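Visitor: I am new to this structure and would like to learn how to read its features one at a time. Could you take me through them slowly?

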Amino acid sequence: MDRSDICGMAVACELAKGVLDFIESFVVSGVSTGELDDLCSDFIKSNGAVSATLGYNGFPKSICTSVNNVVCHGIPGPYRLKSGDIVNIDVTVVVDGWHGDTSRMFVIGGCTKLAEKLVDVAKRALAVGIDAVRPYGYIGDIGAAIQRFVDRYGFSVVRDYCGHGIGRNFHQEPTIVHYDTHEKGSQIIPGMFFTIEPMVNAGGYKTKVLNDGWTVVTVDKSLSAQFEHTIAVNENSVEILTL
Ligand code: MF3
Ligand code: CO
Ligand code: CO
């Protein structure tokens, strides 16, 4: 990896994180997910960047907003957030050709104990996954650690969507599976950039895609939560670029 590669990635990832920081105060009861998209879109443009999701395989918006039982890829629209909702906002920006990808959960007003627990476990599941990354270790260690952790709470890890290599492309090798495949997987090599983004369901792990072709929901209608970071693997360390 070129030193300039890590600089390019750091800049893109810092902006992606900056979008989430920027939008936080607007994520309140009564706001529509479409309004949140407009705000993020303007913020991204005013920073001289572009959204990677806008037009990606035809995705129509600049961010993903996934509410309650929506696992990921929710399309911003007229839906107004209300007290008790949990929503994931997922932002991917491109700066000078480099991609930064991160998401986090926001809780609207007071939510149920279950929702609170789920969001907490999803956040810690990401931390556990990142902790399992070792230069010259194996990709399989990541999902094994995440699933062992999530199982303790009786929640489940989504299998249909994975973390991914990232850099000049939005999605590239390696694929980061978030559950235990009981396989070592490929080796983690310094110079790699990839995301870890475990989706944790309160019920079963199964998902389906709605008729809009994008919105992924839990089959059993249970709540789902997700946090995502983009990381860089160095010779002797692991850096969270979207922190
Ligand atoms: N940001 C998502 C990810 O973490 C991908 C969104 S693709 C979209 O990989 F088209 F749905 F926006
Ligand atoms: Co991602
Ligand atoms: Co993302």
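Guide: Let us begin with burial, keeping in mind that this is a predicted model. A residue is called buried when its relative accessible area is under 20%. Aspartate 90 has 11% relative accessibility and therefore counts as buried, and aspartate 101, at 2% relative accessibility, counts as buried too.

Visitor: Which ion do Asp90 and Asp101 help to coordinate, and at what distances?

Guide: They are donors to the cobalt ion (ligand 3), which is coordinated by Asp90 (OD), Asp90 (OD), Asp101 (OD) and Glu228 (OE) at 2.1 to 2.4 Å. Along the chain, the donors of this cobalt ion (ligand 3) follow the spacing D-x10-D-x126-E. Aspartate 90 belongs to strand β4 (residues 86-95) and aspartate 101 to strand β5 (residues 98-107), eleven residues apart, and the pair links distant parts of the chain.

Visitor: What is coordinated by Asp101 together with His164, Glu197 and Glu228?

Guide: That is the cobalt ion (ligand 2), whose contacts are Asp101 (OD), His164 (NE2), Glu197 (OE) and Glu228 (OE), at 2.0 to 2.2 Å. The cobalt ion (ligand 2) lies 3.3 Å from the cobalt ion (ligand 3), and aspartate 101 coordinates both. Histidine 164 is in strand β7 (residues 163-165), while glutamate 197 is in the loop between β9 (193-196) and β10 (199-201), so this pair ties together parts that are 33 residues apart in sequence. Both histidine 164 and glutamate 197 are buried.

Visitor: How should I read the angles among the donor atoms of the cobalt ion (ligand 2)?

Guide: The general idea is to compare them with ideal values, which for six octahedral donors are 90 or 180 degrees. Here the six donor atoms of the cobalt ion (ligand 2) give angles of 51 to 160°, and the site is irregular. The site of the cobalt ion (ligand 3) is irregular as well, with angles of 58 to 166° among its six donor atoms.

Visitor: What should I look for in the backbone?

Guide: Most residues other than glycine have a negative phi, and most peptide bonds are trans, so exceptions can be picked out. The peptide bond from glutamate 173 to proline 174 is cis, with omega near 0°, and proline 174 is part of strand β8 (residues 172-176). Histidine 73 has a positive phi, near 60°, and sits in the loop between β3 (70-72) and β4. Histidine 182 also has a positive phi, of about 60°, and is found in the loop between β8 and β9.

Visitor: Where does each of these two, histidine 73 and histidine 182, stand on the scale from buried to exposed?

Guide: Histidine 73 counts as partly exposed because its relative accessibility is 26%, whereas histidine 182, with a relative accessible area of 71%, is exposed.

Terms used:
Residues are numbered from 1 along each chain as its sequence is written. Chains are lettered from A and ligands numbered from 1 in the order in which they are written. This is a predicted model: local features need pLDDT of at least 70, side-chain atom pairs count only at pLDDT 80 or more; totals for chains, interfaces and linings use all residues. Side-chain values use heavy atoms; hydrogens and water are left out. Donors are N, O and S atoms within 2.8 Å of the metal (3.2 Å for Na, K and Ca); water is not among the atoms, so sites may look incomplete. Four donors count as tetrahedral if all angles lie between 85 and 135 degrees; four count as square planar and six as octahedral if opposite donors are over 155 degrees apart and all others between 65 and 115; anything else is irregular. Helices (H or I, at least four residues) and strands (E, at least two) are DSSP runs, numbered from the N terminus. Buried means under 20% relative accessible area, exposed over 50%, partly exposed in between (1.4 Å probe, protein chains only).
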